[in-house]
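Okay, thanks for squeezing me in. I'd like to walk you through one chain, and please interrupt if something looks off.

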Amino acid sequence: MDPAIALISALLSTSFILCITMALAWTHFGRERHVLSWALAYGCATMQWALNAYGLLFLPGNGAIIAVATLFPVITTSLVAIGCRQRARLNEYFGRFALGGGFACAAIIFAFVSTAHIGMRGAVPGFYAATMSMIAISALWRKPVPRAKKAKPKFLKTPEITLITLLVVLTFYQIVIGVTALVAVGPQGDQGGLALLRVILGTGLPPLYVAIGLAILFLVAGDLADQLRRLVTRDPLTGILNRRGLDDAATMAIANARRHGRDLSVALSDIDGFKALNDRLGHVAGDKALIAFTEYVNAAIRNGDAFGRLGGDEFCVILFDTNAIDAARVMERARADIERHGRDETPEFGLTASFGVAGLRPGDLFLDSLVRRADRALYQAKQAGRNRVTIARGDDDALAERRLVEST
C-alpha cells in the first residue's frame with residue numbers, strides 16, 4: 001500500500017472516531033458547548049482527510065482539491081481554540097475568530113491561485129495553527145473567574161497539563177512547518193524543500209494529531225468524572241462539600257490527626273435570622289445569602305481545610321493542624337467580613353453569622369462528637385446575642401493544660 005494512503009487512512013479513521021466520541025459525550029453528558037466545538041473540529045478534520053484521500057486516489061495532483069483541503073485546518077484549529085475558551089468560561093469572540101480565519105483562508109486561496117510565492121501555501125496554515133494553539137494554551141491555563149472576591153487559586157489538573165504540553169509541542173511544530181515552507185520551499189517551490197516539508201509532515205503530524213485528540217478526550221473524561229464526583233459530594237447551591245463529602249473528609253482527617261498527634265478543630269456556624277430573611281425576602285434572597293456566606297468563609301480558611309453544608313443554613317468547617325483557639329481566630333475573621341459586607345449582599349436585611357468551635361480531644365473518633373460540642377458552643381453564641389464566635393467549654397482549658405505539660 002502507498003505510504004501516503006496508509007497515513008491518510010489512519011488520520012481519517014482517527015478523526016472520525018474522535019468526532020463520534022465527542023458528539024456522544026456532548027449528547028449524553030450535559031451538552032457542554034466546548035465539547036460540541038471539539039466534536040465539530042474533528043468533524044472538519046474528518047472531511048479534510050476524506051478530501052485528501054479522494055484527491056490522492058482519483059485526482060492526484062489536482063490543485064483545487066489540495067487548496068480546499070488546506071482550508072480545513074483553519075476551521076479545525078479555530079474550533080479547538082474556541083472550545084478551550086468556552087471551557088474556561090471566557091468570551092468566545094466568534095467574530096474575531098471568523099475574521100482571522102477568513103483572512104487566513106483568503107491568503108491560502110491567493111497562494112494557490114497565484115504562483116508568486118508557492119511556500120506561502122504551507123506557511124499560512126502552519127502559522128495560523130500555531131497562533132490558535134497559543135490561544136488554546138492561554139485559555140487552558142486560565143480558570144473560570146469565580147464569583148468570590150477572594151477566591152482560592154485553582155491548580156491545573158493532569159489532563160489540562162497533558163493537553164497544554166502537547167499544544168506547546170504542536171505550536172513549535174507548526175512554526176517549523178511555516179518556516180520550512182517559507183525558507184526551504186520558497187517562492188519558486190524548490191523540490192528539495194517540498195520533499196523536506198513532506199518528511200516533516202509525515203513524521204510529526206500523525207503522532208501529534210492522535211496524541212492531541214486523545215488528550216482532549218482525556219480532558220473531557222476528566223471533566224465528566226469531576227462532575228459526577230461533585231454530584232455525589234458537593235452541595236449544588238454553594239459548590240462546597242455536602243454532608244457525605246464532609247463525613248469522608250472528616251474520617252481521614254481525624255484518623256490522621258490521632259495517628260500523628262496533630263491538632264484539629266471543627267467550627268459549626270449558621271446565618272443569624274436566616275428563617276426571617278427567607279420569610280421576608282423570599283428564597284432567592286436566602287440563596288444569595290447562603291452563597292455570600294460561603295464565599296466569605298472560604299476566603300478566610302486555607303485551601304486544605306474542609307468546608308461543607310450540613311443542611312439549610314448550617315455549615316461546618318474542619319480546620320487541619322489547628323487548635324480551638326486558633327480556629328476561633330480564623331472564624332472571627334470570617335465573621336467580621338460577613339458583618340462588614342453583609343449589607344452589600346442583602347441590603348434590606350444585612351448579614352451576620354454565629355460560630356461554635358470545638359477542638360479534637362483524645363476520645364473523639366468520629367465527626368459527630370466534635371459537631372455535638374461545636375453545636376453546644378454555637379447555641380451559647382446564639383444565647384449571648386448572636387454574631388459572635390464561641391469555643392466549646394473546656395477546649396481552651398484543655399489546650400492550655402496540654403501546652404503546660406508539653407513545655408515541662
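I'll start with confidence, then go through a helix, a strand residue, another helix and some salt bridges.

So, this is a predicted model. The chain has a mean pLDDT of 89, and 93% of its residues reach 70 or more. Over residues 144-153, though, the pLDDT is below 50, and that stretch still has 19 contacts in the model beyond near neighbours in sequence. Residues 400-408 also stay under 50, and there the model has two contacts beyond four places in sequence. Where pLDDT is low, the predicted coordinates should not be read in detail. I'll leave those two stretches there.

Okay, helix H8. It runs over residues 243-260, and its 18 residues reach 25 Å from the first C-alpha to the last, close to the 26 Å expected at 1.5 Å a residue. Which residues of H8 are buried? They are Gly 245, Leu 246, Ala 249, Ala 250, Ala 253, Ile 254 and Ala 257. Those cover an arc of only 145° around the axis, so they sit on the same side of H8. If you want the reason for that kind of spacing, an α-helix has 3.6 residues a turn, so residues three or four places apart point the same way.

What covers that buried side? The cover includes helix H7 (191-233), strands S1, S2 and S3, and helix H12. Now flip to the face of H8 turned away from the buried side: there you get the exposed residues Arg 244, Thr 251, Met 252 and Arg 259.

Let me stay on Thr 251 for a second. Its side chain reaches back to the backbone oxygen of Asp 247 at 2.8 Å. And if you were thinking of a sequence-distance plot, the C-alpha atoms of Thr 251 and Ala 276 are 25 residues apart along the chain and separated by 35 Å.

Both ends of H8 are worth a look. At the start, a side-chain oxygen of Asn 242 comes to within 3.1 Å of the backbone nitrogen of Arg 244. After the helix comes Gly 261, with a positive phi near 65°.

Next, Arg 309, over in strand S2, which is residues 306-311. Is Arg 309 buried or exposed? At 15% relative accessibility, with buried meaning under 20%, Arg 309 counts as buried. So what does its side chain do in there? It makes a polar contact of 3.2 Å with the side chain of Asp 235, and it also reaches the backbone oxygen of Gly 312 at 2.8 Å. Leaving aside neighbours within four places in sequence, the contacts of Arg 309 include Leu 237, Ile 240, Leu 241, Leu 290 and Phe 315. Asn 242, from the start of H8, is among the contacts of Arg 309 too.

Helix H12 came up as part of the cover on H8, so a quick word on that. H12 spans residues 367-383, 17 of them, and reaches 24 Å end to end by C-alpha, close to the 24 Å expected. Its buried residues include Leu 367, Leu 370, Val 371, Ala 374 and Leu 378, and Arg 373 is on that list as well. Just after H12, Gly 385 takes a positive phi of about 120°.

Last topic: salt bridges. How many does the structure hold? There are 18, and I'll show you three.

One is Glu 160 with Arg 87, the closest N and O atoms being 2.8 Å apart. Glu 160 is in helix H6 and Arg 87 in helix H3, 73 residues apart. Both ends are buried: Glu 160 at 2% relative accessibility, Arg 87 at 15%.

Then there's Asp 321 with Arg 262, at 3.5 Å, N to O. Asp 321 is in the loop between S3 and helix H11, and Arg 262 in the loop between H8 and S1, so the pair ties together parts that are 59 residues apart in sequence. Here both partners are partly exposed, Asp 321 at 46% and Arg 262 at 43%. Going back to Arg 87 and Glu 160, shared partners join them with Asp 223 into one network.

And the third is Glu 32 with Arg 89, at 4.0 Å between the closest N and O atoms. That pair links two loops, H1 to H2 on the Glu 32 side and H3 to H4 on the Arg 89 side, 57 residues apart. Arg 89 is exposed, at 53%.

That's what I had, so over to you.

Key. Residues are numbered from 1 along each chain as its sequence is written. This is a predicted model: local features need pLDDT of at least 70, side-chain atom pairs count only at pLDDT 80 or more; totals for chains, interfaces and linings use all residues. Side-chain values use heavy atoms; hydrogens and water are left out. pLDDT is the predictor's confidence in each residue, from 0 to 100. Contact means heavy atoms within 4.5 Å. Helices (H or I, at least four residues) and strands (E, at least two) are DSSP runs, numbered from the N terminus. Buried means under 20% relative accessible area, exposed over 50%, partly exposed in between (1.4 Å probe, protein chains only). A polar contact is a pair of N or O atoms within 3.5 Å; within protein, one must be able to donate a hydrogen and the other to accept it, and residues adjacent in sequence count only if both atoms are side-chain atoms. The expected span of a helix is 1.5 Å times one less than its number of residues. A salt bridge is a side-chain nitrogen of Lys or Arg within 4 Å of a carboxyl oxygen of Asp or Glu. The arc is that of the directions from the helix axis to the C-beta atoms.
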